[in-house]
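Trainee: Could you take me through a model and show me how its features are read?

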Amino acid sequence: YFYFPPDFHSPQYSLTMFTRAVAVAGRRAMSTASREGVEKVKKLQQAFQQNPHLHGADDPTWLKMGARDKIVMGVMFTACAANLLQISSGVFNMSYGLNQN
């Protein structure tokens, strides 16, 4: 159940609510945390845009952060390979009825 004032649909009410919203937004200050975020984004953009002439497999985006990205990539590929091995082993065991108690 929502309460709407009697003059809810009037243009004057809409103008009043708009001016209140603008006044509140005008009083808000920029935080320093957002400024630090902007600087971090600019720094990352410089790292990702170093070699604009390289494209695709020559310079993959997901390996631009160096050794740290290669470690993460290796862990993820290893986990995917282990999971595929487990799934195929399970399918093989189910299809031939192995490991039943």
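The dialogue below goes from confidence and overall fold to particular residues.

Trainee: What is the mean pLDDT of the protein, and where is confidence lowest and where highest?

Mentor: This is a predicted model, and the mean pLDDT of the protein is 80, with 81% of its residues reaching 70 or more. Confidence is lowest in helix α1, residues 11-27, where the mean is 75, and highest in α3, where the mean is 94.

Trainee: How many helices and strands does the protein have, and how many of its residues, as a percentage, count as buried?

Mentor: The protein has three helices and zero strands, and the pattern read along the sequence is α-α-α. Of its 101 residues, 5% count as buried, while the accessible surface comes to about 9,400 Å², with 64% of that area belonging to carbon and sulfur atoms.

Trainee: How does the reach of α3 compare with the span expected at 1.5 Å a residue?

Mentor: Helix α3 covers residues 67-96, and its 30 residues reach 43 Å from the first C-alpha to the last, which is close to the expected 44 Å. After α3 comes Gly 97, with a positive phi near 65°. In the segment after α3 there is also Asn 99, whose phi near 60° is a positive value in a residue other than glycine. Asn 99 counts as exposed because its relative accessible area is 67%, and the cut-off for that class is over 50%.

Trainee: How is a pair of aromatic rings described, and which residues form the aromatic pair here?

Mentor: In general, a pair of aromatic rings is described by the distance of the centres and the angle of the planes. The structure holds one aromatic pair. Phe 92 and Tyr 96 form this pair, with 4.8 Å from centre to centre and 55° between the planes, and the arrangement is tilted. It counts as tilted rather than edge-to-face because the latter needs planes over 60 degrees apart.

Trainee: Why are Phe 92 and Tyr 96 separated by about one helical turn, and are they buried or exposed?

Mentor: The two residues are four apart in helix α3, and therefore about one helical turn separates Phe 92 from Tyr 96. Phe 92 is partly exposed, at a relative accessible area of 45%, whereas Tyr 96 is exposed, at 59%.

Trainee: Which residues make the nonpolar surface patch?

Mentor: The patch, of about 460 Å², is made by Trp 62, Val 72, Met 76 and Phe 77. Met 76 belongs to helix α3 and is partly exposed, with a relative accessible area of 48%; that value is compatible with patch membership because the patch cut-off is over 30%.

Trainee: What can be said of Met 73, which also has its place in helix α3?

Mentor: Met 73 counts as partly exposed at 24% relative accessibility, and therefore falls short of the patch cut-off of over 30%. Its C-alpha atom is separated by 8.6 Å from that of Trp 62, although the two residues are 11 apart along the chain.

Terms used: Residues are numbered from 1 along each chain as its sequence is written. This is a predicted model: local features need pLDDT of at least 70, side-chain atom pairs count only at pLDDT 80 or more; totals for chains, interfaces and linings use all residues. Side-chain values use heavy atoms; hydrogens and water are left out. Patches are made of residues with over 30% relative accessible area and no salt bridge: like charges are joined within 9 Å, nonpolar side chains (Val, Leu, Ile, Met, Phe, Trp, Tyr) within 5 Å. Accessible areas come from the Shrake-Rupley method with a 1.4 Å probe; for residues, only the protein chains shown count as cover. A salt bridge is a side-chain nitrogen of Lys or Arg within 4 Å of a carboxyl oxygen of Asp or Glu. Buried means under 20% relative accessible area, exposed over 50%, partly exposed in between (1.4 Å probe, protein chains only). pLDDT is the predictor's confidence in each residue, from 0 to 100. The expected span of a helix is 1.5 Å times one less than its number of residues. Rings of Phe, Tyr and Trp (its six-membered ring) pair if their centres lie within 6.5 Å; planes under 30 degrees apart count as stacked, over 60 as edge-to-face and the rest as tilted.
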